[in-house]
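Got a minute to go through some labels and the reasoning behind them? Have a look at this one first.

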Amino acid sequence: MKNRVEERLPVGNPNNERRGESVTTISPESATDPGPKYSVASELAPSSELPPSTDRGDVPNFWFPYSRSHKRMQEGGWARQITVNDFPISTTIAGVNMRLIAGAIRELHWHQASEWAIMLYGNARITVIDPQGRTFVDDLTEGDLWYFPSGYPHSIQGLGPDGCEFLLIFDDGKFSENETFLISDWMAHTPVEVLSKNFGLPISAFENIPQKELYIFPGKITKSLEEDLKAATGPAGQVPESFSYSLYKQQPNVSTQGGEARVVDSNNFPVSKAIAAALVTVHPGGLREMHWHPNADEWLYVISGKARITLFAAVGKARTMDFNAGDIAYIPQSMGHYIENTGDTDLRFLETFRSSYYASISLSDWMSHTPPELVEAHTHLSSKSLAAIPKKQVVIMPE
Ligand code: MN
Ligand code: MN
């Protein structure tokens with residue numbers, strides 16, 4: 001009976017020899033690992049425990065799990081973020097995972113980065129105004145998105161029955177959720193006589209303002225959406241374009257035997273000028289095909305299931321890593337990759353990009369729309385094999 005490592009020992013790969021590597025096959029003795037080790041970590045990351053023989057060279061870490069990021073606990077919920085500080089490769093995007101119990105409020109605030117969000121669980125009410133003073137208030141549920149442009153002030157509140165959990169994407173890897181502009185913080189750090197002049201109120205009106213930031217705090221929802229919207233809307237009216245979007249209700253752009261994908265960018269969600277995204281499902285055995293993105297780095301969040309990704313970083317460098325629910329993958333612009341479902345349930349993930357539009361180039365699509373003799377000369381695939389590969393960007397294999 002072979003042990004787990006022996007079962008996965010690479011079979012001879014003649015390409016390794018051509019690349020001048022010393023190992024084509026390795027003996028079971030060479031793969032032994034007497035320890036110490038934490039077996040659960042090996043189970044979650046078999047590709048790091050024993051990399052495929054095609055991996056080679058120094059490719060930076062492109063995996064980070066939310067389960068290892070600091071959780072800021074507050075009465076009313078919590079937040080945890082993955083920024084370039086924890087995850088050096090993620091220069092263009094920072095992500096925040098947040099929970100608000102029913103009624104709890106993420107304080108009225110704004111920030112320099114643009115904010116894109118997807119509801120992962122439950123229900124929430126959001127508010128925002130634009131520079132013309134036009135109002136937007138909406139109730140969102142699982143699979144809904146929102147987008148707040150850079151500098152637009154906003155709030156989020158958990159609704160019944162059990163509040164919400166969501167994922168926030170910011171178009172700057174250095175963004176910190178702990179350094180946003182908070183309404184309470186500003187008022188607490190302004191001379192009270194200035195507050196009095198600014199609002200045309202007596203100084204005594206400010207006796208009870210909070211002396212430190214609230215950030216996340218318990219609250220109540222007592223009004224309906226219609227009542228809140230009516231009370232908040234002034235002479236400027238409401239915003240002309242929606243700041244929310246129902247992604248789960250969108251028909252898939254791609255549907256194959258292997259899975260489906262929904263793309264959302266400024267073409268169908270016009271306010272979302274800085275972030276493009278795709279929500280992808282890959283069935284067991286399926287593969288998000290070999291491709292790259294010509295316009296932006298990819299920040300990928302695994303919603304459910306198990307995946308492996310090999311990042312091809314040119315000049316013979318490649319690294320394979322495993323991903324589980326709640327993990328982030330970060331793939332620099334134009335680096336080749338695939339995403340394989342390695343589990344026995346559906347793999348669901350979100351691809352996000354700092355771009356107004358979604359774009360990818362598929363290896364099959366490229367090869368099948370280049371003169372065949374030219375491709376044959378490079379790949380040494382027979383003309384029969386080349387004729388049989390997919391003739392378009394399939395996105396998820398099998399077709
Ligand atoms: Mn925000
Ligand atoms: Mn991709």
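What follows is a short round of questions and answers on a predicted model.

Q: What makes His109, His111, Glu115 and His154 donors of the manganese ion (ligand 1)?
A: Distance does. A donor has to be an N, O or S atom within 2.8 Å of this metal. NE2 of His109, His111 and His154 and OE of Glu115 lie 2.0 to 2.2 Å from the manganese ion (ligand 1), so they count as its protein donors.

Q: Which spacing do the donors of the manganese ion (ligand 1) follow along the chain?
A: They go H-x1-H-x3-E-x38-H.

Q: Why is His109 called buried?
A: The cut-off for buried is under 20% relative accessible area. His109 comes in at 2%, so buried is the word.

Q: And how do you know that His111 is buried?
A: By the same cut-off of under 20%: His111 has 3% relative accessibility, so it counts as buried.

Q: How many aromatic pairs are there, and why is the pair of Phe353 and Tyr358 called edge-to-face?
A: The count is 15 aromatic pairs. For Phe353 and Tyr358, the ring centres are 5.4 Å apart, and the planes stand at 80 degrees. Pairing needs centres within 6.5 Å, and edge-to-face needs planes over 60 degrees apart, so that pair gets the label. Both Phe353 and Tyr358 are buried, too.

Q: What makes Lys71 a charge over the ring of Trp78?
A: Its charged end is 4.2 Å from the ring centre, set against a limit of 6 Å, with an angle rule on top. Likewise, the charged end of Arg72 sits over the ring of Tyr215, 3.8 Å from its centre.

Note on methods: Residues are numbered from 1 along each chain as its sequence is written. Chains are lettered from A and ligands numbered from 1 in the order in which they are written. This is a predicted model: local features need pLDDT of at least 70, side-chain atom pairs count only at pLDDT 80 or more; totals for chains, interfaces and linings use all residues. Side-chain values use heavy atoms; hydrogens and water are left out. Donors are N, O and S atoms within 2.8 Å of the metal (3.2 Å for Na, K and Ca); water is not among the atoms, so sites may look incomplete. Buried means under 20% relative accessible area, exposed over 50%, partly exposed in between (1.4 Å probe, protein chains only). Rings of Phe, Tyr and Trp (its six-membered ring) pair if their centres lie within 6.5 Å; planes under 30 degrees apart count as stacked, over 60 as edge-to-face and the rest as tilted. A charge sits over a ring if NZ of Lys or CZ of Arg is within 6 Å of the ring centre and within 35 degrees of the ring normal.
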